[in-house]
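Biologist: I am new to this structure and would be grateful for a close look at one part of it. Please choose a residue, begin there, and then lead me outwards to its surroundings and to the whole.

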Amino acid sequence: MEKHLFLGDEAVAQAAIDAGLSGVYAYPGTPSTEITEFIQGSAAAKERGIHCRWSTNEKTAMEAALGMSYAGKRALCCMKHVGLNVAADCFMNAAMSGINGGMIIVTADDPSMHSSQNEQDNRMYGNFAMIPMFEPSNQQEAYDMVYDGFELSEKLGYPILLRITTRMAHSRAGVVRREPRKENEMHTPEDGRQRFILLPALARKRFKTLIAAQDAFTASSEASPYNAYFDGSDKELGIITTGIAFNYLSENYPDGFEHPVLKISQYPLPRKMVEKIVGECKEILVLEEGYPVVEEQLKGFLGLGIRVHGRLDGTLQRDGELTPDAVGKALGKPIASYYATPEVVEQRPPALCQGCGHRDMYEALNEVLVEYKDAKVFGDIGCYTLGALPPFRAIDTCIDMGASITMAKGAADAGVYPAVSVIGDSTFTHSGMTGLLDCVNENTNITIVISDNETTAMTGGQDSAGTGRLESICAGIGVDPAHIRVMVPLKKNYDEMKAIIREEIEYKGVSVLIPRRECIQTLTRKKKASKK
Amino acid sequence: MKTDIILSGVGGQGILSIAAVIGEAALKEGLYMKQAEVHGMSQRGGDVQSNLRLSDQPIASDLIPLGQADLIVSLEPMEALRYLPYLKKDGWLVTNSRPFINIPNYPEVEKVDEELEILPHKVVLDVETIAKEVGSVRAANIVMLGAAAPFIGIEYDKIADGIRRIFGRKGEEIVEMNLKALQAGYEVAQGMQK
């Protein structure tokens, strides 16, 4: 059988296409971006007219995916882990309504924070919403889970959460595809109003239904081809792995396991299998990528009963992603490293590209702000977060998408002056617009810089939802057009830029500055493409 | 057959293109392969690495354990040193000699060279200069691939076929230039192994 070399993300995307997907809805975010990009580049997706345009944020994405599912078609919704915080309102309630057409929600978690501000484990969300969950251990499983997952979602009547992590999303391996399936015909649900109107009286019924469905979810896990029990002769210890932790365990036992091993890749926990390993073995070691989710479930609050080892008792490190070495250490295996990293090796942090407009924006802003010793600059999520590093050291905060505007507002309310926000164009439309309305309604004394590079740059240059319309969006929200100031961030314009920044800091009210220059990366790519 | 390779460099230098060619060749050979990449924030001029594992048996972990890499291939000398804890005792290090200096505290180049010098099995070459000689500095990463070719465990001709398939749609000229780059890197490495 022909094998395709797919990233984990690409395996998910190809499986969805092959399973009769009608629409993917997503906002870019590392390490999830390549799923949607793969579908956007797929000839089959183009031919079938599969929806694949980027959404404005993860919440709008998930709601649209639920709408497509409501209409009977198969929908995929993808995001990085923190994106699920944005979409959580819809996520929790989609578990209440259930679905019509199959719906898979992909969360790409980033333990060790390669490209993120936290390493939250979204299996917690899966448990919170009480829906079935997959956690593949390899790219082929990721493919099969998505291919079969739509059908399972339809059979159970609920969305399924597929949780992958960076090492699954961004690692390539050979994948065998299966026969492409036709898309669903449109068919809206017959009992739609009973399910999709979550008025309290109806919602109470739906919650009882969701609780009752747990047995079916567990039965599905018990029978899952992705959960497996491997016997071992030494029953002093039993090992439970989730997701890719199974691979790190296998790496440490090239000749087969000596202890019983339970590999879990589908949740809720397969109760009988867990009871079996706990009953057979004296102690249990839990290997999981992320938070001690399974470990805590086994342990219970007081840790009574069987002895469970894992991230909570220090057998494994509490934070950061697992590695074959971390797992080997937990198992008491010798680790041999022959060469140390020499002392001369220095850190090489990422930096804003040479020629990037954000650089000129920060240069001008910094030069003005030396005149205001109490100034605080509230940053946001994107390439421009790198303005925190030398030589700029230009921002004081970076918390979550859109927080630059609203944190600056709260700080301004408390008396901070100047309160400056720095936000990118895509982040502004993702989650900044609503905060701007709060500022306008109270005429907050705030200076907002929307550093516009006309793309979603950090994740590789995806379309930005508000390109070409930022001034009219701000004016529409109610910012005085006299205080919406556009400039071109270039060295030759520093004097003009500085004068505008100074004027708008002095203005007691809401100002929006828009330094606009195309991302140097997308510009270079376009130039290359036009040469051909 | 089993080869564990760490590819390293600075974001933008093209280590993923090297991985793509090896991956193409490996898949054609019917080998198992896993390749963990770094995307996102770290690509902006920061250090980047990729774990590439090839085997005729199924591969468990996407990540290479400490002390088990057969080969480190680096497009930048300091980045080559960063991953030494992963190198096998008798593993080979193949690296570009030319530093990529985009940080203010880059160490003295002589000190980096000294650290490379004490390693028992290495090939150190200036891939940019060689690439320029064969046609274009843009093929520097393929020169590096050529220098690494003797250690990968896949025949040279199969790697050359991988180049033909990966670069094929860019035209015959690009293919020829990259094949020349591959050959040039290979010859230099052959000379230095002795």
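Modeller: In this predicted model, A:M130 counts as partly exposed because 17 other C-beta atoms lie within 10 Å of its own, and a residue is called buried only from 20 such neighbours upwards. A:M130 is placed in the loop between α7 and β5 (133-134) of chain A. Its backbone also deserves attention: the phi angle of A:M130 is near 65°, a positive value in a residue that is not glycine.

A:S112 can be read alongside it. This serine lies in the loop that runs between β4 and α7 (123-129) of chain A. Its phi is near 80°, again a positive value in a residue other than glycine. With 16 other C-beta atoms within 10 Å, A:S112 is therefore partly exposed.

From that loop one may step back into the strands. β4 of chain A covers residues 103-109 and pairs in the parallel sense with β3(A) over 6 bridges. Within this pairing, A:A75 stands opposite A:M103 of β4(A). β3(A) also has a parallel partner in strand β2 (residues 21-26) of chain A, to which 5 bridges join it. One point of that pairing is A:Y25, whose bridge partner in β3(A) is A:C77.

Is β3(A), then, covered or open? The strand spans residues 74-80, and 7 of its 7 residues are buried. In a regular strand the side chains alternate between the two faces of the sheet. In β3(A) both faces are covered: one carries A:R74, A:L76, A:C78 and A:K80, the other A:A75, A:C77 and A:M79, and each of these residues is buried.

Helix packing gives another view of chain A. Helix α6 (residues 88-97) and helix α11 (residues 200-222) of chain A have axes that come within 8 Å and cross at roughly 80°, which means that α6(A) is roughly perpendicular to α11(A). On the side of α6(A), the contact is made by A:A95, A:M96 and A:S97, while α11(A) contributes A:A203, A:R206, A:F207 and A:L210. Sorted by class, this contact has 5 nonpolar, 1 polar and 1 charged residues.

Further along the chain, A:I446 belongs to strand β16 (residues 446-451) of chain A. It has 30 C-beta neighbours inside 10 Å and so counts as buried. Leaving aside residues up to four places away in sequence, A:I446 touches A:A408, A:K409, A:A412, A:A419, A:S421, A:C439 and A:V510. As for A:A412, it is 34 residues from A:I446 in sequence, yet the two C-alpha atoms are 6.8 Å apart in space.

Two cis peptide bonds may also be noted. One joins A:Y267 and A:P268, with omega about 5°; A:P268 sits in the loop between β11 (266-267) and α13 (271-280) of chain A. Another runs from A:P390 to A:P391, with omega near 5°, and A:P391 is found in the loop between β14 (376-378) and α17 (403-413) of chain A.

Seen whole, chain A has 21 helices and 18 strands. Of its 532 residues, 55% count as buried. Its radius of gyration is 25 Å, which agrees with the value near 24 Å that a compact globule of 532 residues would have. Among contacts in chain A with a separation of 6 or more, 78% are between residues 24 or more positions apart.

Chain B, with 194 residues, has a radius of gyration of 16 Å, in agreement with the value near 16 Å for a compact globule. It holds 7 helices and 6 strands, and its C-alpha trace spans about 40 × 40 × 40 Å along the principal axes.

Where do the chains touch? In total, 41 residues of chain A are in contact with 42 residues of chain B. On the chain A side, β1 (3-7), β7 (171-176), α12 (245-252) and α15 (324-330) each supply at least two residues. That side has 21 nonpolar, 13 polar and 7 charged residues. Strand pairing crosses between the chains as well: β7(A) and strand β2 (residues 32-36) of chain B run antiparallel and are joined by 3 bridges, with B:A36 as the bridge partner of A:S171.

Terms used. Residues are numbered from 1 along each chain as its sequence is written. Chains are lettered from A and ligands numbered from 1 in the order in which they are written. This is a predicted model: local features need pLDDT of at least 70, side-chain atom pairs count only at pLDDT 80 or more; totals for chains, interfaces and linings use all residues. Axes are lines fitted to C-alpha atoms, for helices over the stretch in contact, and angles run from 0 to 180 degrees between N-to-C directions. Helices (H or I, at least four residues) and strands (E, at least two) are DSSP runs, numbered from the N terminus. Angles under 35 degrees count as roughly parallel, over 145 as roughly antiparallel, 65 to 115 as roughly perpendicular and the rest as oblique. Two residues are in contact if their C-beta atoms, placed from the backbone, lie within 7 Å. Ala, Val, Leu, Ile, Met, Phe, Trp, Tyr, Cys and Pro count as nonpolar, Asp, Glu, Lys and Arg as charged, and the others, Gly among them, as polar. Two strands pair if DSSP finds at least two bridges between them. The radius of gyration is taken over C-alpha atoms; the globule rule is 2.2 Å times the number of residues to the power 0.38. A residue is buried if 20 or more other C-beta atoms lie within 10 Å of its own, exposed if 12 or fewer, and partly exposed in between; C-beta atoms are placed from the backbone.
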